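Trainee: I have not seen this structure before. Could we go through the terms used for it and check what each one rests on?

Mentor: Yes, ask about each term in turn.

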Amino acid sequence: MLIARRGEFIVADADATMVTCPAAVIPADAAHEMVQGVEHGEMVQLAAESADGIALSRTVAHPESAESWAAAGATLLAELGENRWWADGLPYAKPTAAAMRHPALTAAVRRLPELVAAGPVRLRDVAAAVGVSESRLGHLFSAETGLPFRPYVRWLRMSRAIDHIALGHTLTDAAHTAGFYDGAHFTRVCTKTFGLSPAILISEMTFNADS
């Protein structure tokens, strides 16, 4: 989710369709490019299975379309009101939305943070642990979180690494703690996921903490 504090930015989808807008809701795993940014804005990364993530994804009519992202962004701005700034979440998100998922998926999601911290994570092992087939659990991840299993695990690793950086750990330590091969591997995945290198994310977090 991207919101401009002032002005508008330009975002493009995988078909190179460019849209100029003050806000955009970009679904999980949708290829996109920030063609032109703004000096002051807010980027919020939401877990696809969270209440806000579910609510936002439902406002995007066509997940791969930049025009749909902008339309959903306009809806978001209307809901947030004149402040145009993320604060306590979406006013239309239902707190119980995430709890409506399949029990096996709920169990898997609860186990994954601990598994990610321990090392490699395999879909077949998680499926066996929660009592469903590998194909069934893979389908549940895609259908109910908006992300296939592997990108979901990658998201968890990214979140864990960034949390460790925020606590003052080095990039290399954070990468190893989150299960990446090394700092270079973490940097590649971070840049691909967020469009920003870990160094830039660290500087942004430092700036926000000092402001």
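Trainee: Why are α3 and α6 called oblique to each other?

Mentor: This is a predicted model, and the angle comes from its atoms. The axes of α3 (residues 103-118) and α6 (residues 149-166) cross at roughly 60 degrees and come within 10 Å. An angle under 35 degrees would count as roughly parallel, and the roughly perpendicular range is 65 to 115. The value falls in neither range, so α3 and α6 are oblique to each other. The crossing of α3 past α6 is right-handed.

Trainee: What makes the contact of α3 with α6?

Mentor: On the α3 side there are Val109, Leu112, Pro113, Val116 and Ala117. On the α6 side there are Phe149, Tyr152, Val153, Leu156, Arg157 and Arg160. By class, the residues of this contact are 9 nonpolar, no polar and 2 charged.

Trainee: What makes α4 roughly perpendicular to α5?

Mentor: Helix α4 (residues 123-130) packs against α5 at an angle of about 100 degrees, and the axes are 8 Å apart. The range for roughly perpendicular is 65 to 115 degrees. The angle lies inside that range, so α4 is roughly perpendicular to α5. From α4 the contact takes Leu123, Arg124, Val126, Ala127 and Val130, and from α5 it takes Glu134, Leu137 and Gly138. The classes in the contact of α4 with α5 are 5 nonpolar, 1 polar and 2 charged.

Trainee: Why does His139 count as partly exposed?

Mentor: His139 sits in helix α5 (residues 134-145). Buried means under 20% relative accessible area and exposed means over 50%. The relative accessibility of His139 is 46%, so His139 counts as partly exposed. The C-alpha atoms of His139 and Leu105 are 9.9 Å from each other, and these residues are 34 residues apart along the chain.

Trainee: Now the sheet. Why do β3 and β5 stand at the edges?

Mentor: The open sheet has 3 strands in the order β3-β2-β5, with antiparallel pairing. β3 (18-21) and β5 (32-36) each have a single partner strand, so one side of each is left without a neighbour in the sheet. On average, neighbouring strands of this sheet are turned by 30 degrees against each other, direction ignored.

Trainee: How do you know that β2 and β3 pair?

Mentor: Two strands pair if there are at least two bridges between them. Strand β2 (residues 9-13) and β3 have 4 bridges, in the antiparallel sense. Phe9 stands opposite Cys21 in β3, and Val11 has Val19 of β3 as its bridge partner. The hairpin of β2 and β3 has 4 residues between the strands, and Ala16 there takes a positive phi near 70 degrees.

Trainee: How many bridges join β2 and β5?

Mentor: β2 and β5 pair over 4 bridges, again in the antiparallel sense. Ile10 has Gln36 of β5 as its bridge partner.

Trainee: What makes β2 a mostly covered strand?

Mentor: The count is 5 of its 5 residues buried. Phe9, Val11 and Asp13 lie on one side of β2, with Ile10 and Ala12 on the other, and both faces are covered.

Trainee: Which residues of β3 point to a buried face, and which do not?

Mentor: In a regular strand the side chains alternate between the two faces of the sheet. Along β3, Val19 and Cys21 point to one face and are buried, while Met18 and Thr20 point to the other and are not.

Trainee: How many helices and strands does the protein have?

Mentor: The protein has 9 helices and 6 strands. It has 211 residues, of which 43% count as buried.

How values were computed
Residues are numbered from 1 along each chain as its sequence is written. This is a predicted model: local features need pLDDT of at least 70, side-chain atom pairs count only at pLDDT 80 or more; totals for chains, interfaces and linings use all residues. Side-chain values use heavy atoms; hydrogens and water are left out. Axes are lines fitted to C-alpha atoms, for helices over the stretch in contact, and angles run from 0 to 180 degrees between N-to-C directions. Helices (H or I, at least four residues) and strands (E, at least two) are DSSP runs, numbered from the N terminus. Angles under 35 degrees count as roughly parallel, over 145 as roughly antiparallel, 65 to 115 as roughly perpendicular and the rest as oblique. A crossing is left-handed if the near helix is turned anticlockwise from the far one by less than a right angle, and right-handed if clockwise. Contact means heavy atoms within 4.5 Å. Ala, Val, Leu, Ile, Met, Phe, Trp, Tyr, Cys and Pro count as nonpolar, Asp, Glu, Lys and Arg as charged, and the others, Gly among them, as polar. Buried means under 20% relative accessible area, exposed over 50%, partly exposed in between (1.4 Å probe, protein chains only).
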